[in-house]
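Hi,

Here is the structure I promised to send over. Have a look at it first, and my notes follow right below.

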Amino acid sequence: MSDNIKGKVVIITGASSGIGEATAKLLASKGAKIVLGARRTEKLETIANEIKAAGGEAIYQALDVTVPAENEAIVKLAKDTYGKLDVIFLNAGLMPSSPISALKTNEWEQMVDVNVKGVLNGVAAVMPTFAEQKSGHVIATSSVAGLKAYPGGAVYCGTKWFVRSFMEVLRMESAMEGTNIRTATIYPAAINTELLNTISDKGSSEAFQALYDQYGISADRIAAVVEFAVSLPEDTTVNEFTVGPANQPW
């Protein structure tokens, strides 16, 4: 179904590493036109150059998903450059997990800003375009933490439960309003990315590292799921994907 990917214009947030980078390279190899967004522009430049060297198309722009105007700007960049927009992959996220009693309130705020407001800002930025053209695909990275709560993850789990709920309502309202906006929510388990680097609590960091050492899988696995979602015919959608190792304990 890769013919359904060729020529599609795809914005990817959190595109400078991990799942975002892997997805950008895979979709570009299938003929998609990639618009990379993240705060680390030097990394985006490298990824864009690698995509172009491999025969693909990619552009990039600095993006802080917590700033509405920057989300709007990257949508404008996509449309100005490629003349349209088909997909947005809302992938930016933080996971500085810690016990509630540690009171790392600054990290709580950061997670809410990126994991929740980042999704809201991204959807708000694409909604006018998708609603007007009566097509579009919103894909978001939740987490198994959006399906099951666990100690040390109270706030992170809360942000990912929000993504789950928000995306489901977006799907229902789009059907009711006839805008034909498709949705897909992905629930990754332990994926070997830079996400663990955001954990400052020593106990939580050690516990998560041990978990990931045992069960962690490649970001390429998630990229393949996004590829499948994007490749589906326009009149077909699968709304939820849970991805993890076959022997995962959750």
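The largest cavity in this predicted model is lined by Pro96, Ser97, Ser98, Ile100, Trp108, Met111, Gly152, Gly153, Ala154, Val155 and Tyr156. By "cavity" I mean a set of points, on a 1 Å grid over the protein atoms alone, where a 1.4 Å probe fits but cannot get out, and a lining residue has an atom within 4 Å of a point. Two elements give two or more residues to that lining, namely helix 4 (105–133) and helix 5 (154–177). Helix 5 gives the most, with 3 residues. Helices here are DSSP runs of H or I with at least four residues, strands are runs of E with at least two, and both are numbered from the N terminus.

In terms of chemistry, the lining has 7 nonpolar and 4 polar residues, and no charged ones. For that split, Ala, Val, Leu, Ile, Met, Phe, Trp, Tyr, Cys and Pro count as nonpolar, Asp, Glu, Lys and Arg as charged, and the others, Gly among them, as polar. The space in this cavity is about 50 Å³, where a volume is what probe spheres set on the grid points fill, with points joined across faces, edges and corners. Searching the whole structure turns up 3 cavities of 30 Å³ or more.

A word on the ground rules. Residues are numbered from 1 along each chain as its sequence is written. Since you will be looking at a prediction, note that local features need pLDDT of at least 70 and side-chain atom pairs count only at pLDDT 80 or more, while totals for chains, interfaces and linings use all residues, and that side-chain values use heavy atoms, with hydrogens and water left out.

Now the overall picture. The protein has 7 helices and 7 strands, and along the sequence they follow the pattern β-α-β-α-β-α-β-α-β-α-β-α-α-β. Its radius of gyration is 17 Å, which agrees with the value near 18 Å for a compact globule of 250 residues (taken over C-alpha atoms; the globule rule is 2.2 Å times the number of residues to the power 0.38). Along the principal axes, the C-alpha atoms fill a box of roughly 50 × 45 × 35 Å.

Of the 250 residues, 47% are buried; that means under 20% relative accessible area, with exposed being over 50% and partly exposed in between (1.4 Å probe, protein chains only). The accessible surface is about 11200 Å², and carbon and sulfur atoms account for 52% of it (Shrake-Rupley method with a 1.4 Å probe; for residues, only the protein chains shown count as cover). Among contacts with a separation of 6 or more, 72% join residues 24 or more positions apart, a contact being heavy atoms within 4.5 Å.

Some individual residues to click on:

- Cys157 sits in helix 5 and is buried, at 4% relative accessibility. Leaving out residues up to four places away in sequence, Cys157 touches Ala145, Gly146, Lys148, Ala149 and Tyr150.
- Ser16 is in the loop between strand 1 (9–13) and helix 1, and counts as buried at 7% relative accessibility. Its contacts beyond four places in sequence are Glu21, Ala38, Arg40, Lys43, Leu44 and Ile47. Ser16 and Thr41 are 25 residues apart in sequence, with their C-alpha atoms 7.8 Å apart.
- Gly18 belongs to helix 1 (residues 18–29). Ser218 is 200 residues away from Gly18 in sequence, but the C-alpha atoms are 8.6 Å apart. Outside its neighbours within four places, Gly18 is in contact with Thr193 and Ala219.
- Lys84 lies in the loop between helix 3 (68–82) and strand 4 (87–90) and is partly exposed, at 35% relative accessibility. Not counting residues up to four places away, Lys84 touches Gly7, Lys8, Val9, Ala78 and Lys79.

Last, which residues have a positive phi without being glycine? Lys134 does, at about 55°, and so does Asn180, near 60°. Most residues other than glycine have a negative phi. Lys134 is in the loop between helix 4 and strand 5 (136–141), and is partly exposed with a relative accessible area of 45%. Asn180 is in the loop between helix 5 and strand 6 (181–188).

Cheers

Definitions and conventions: 1 Å grid on protein atoms, 1.4 Å probe; cavity = no way out; pocket = protein on both sides within 12 Å on 5 of 7 lines; lining within 4 Å.
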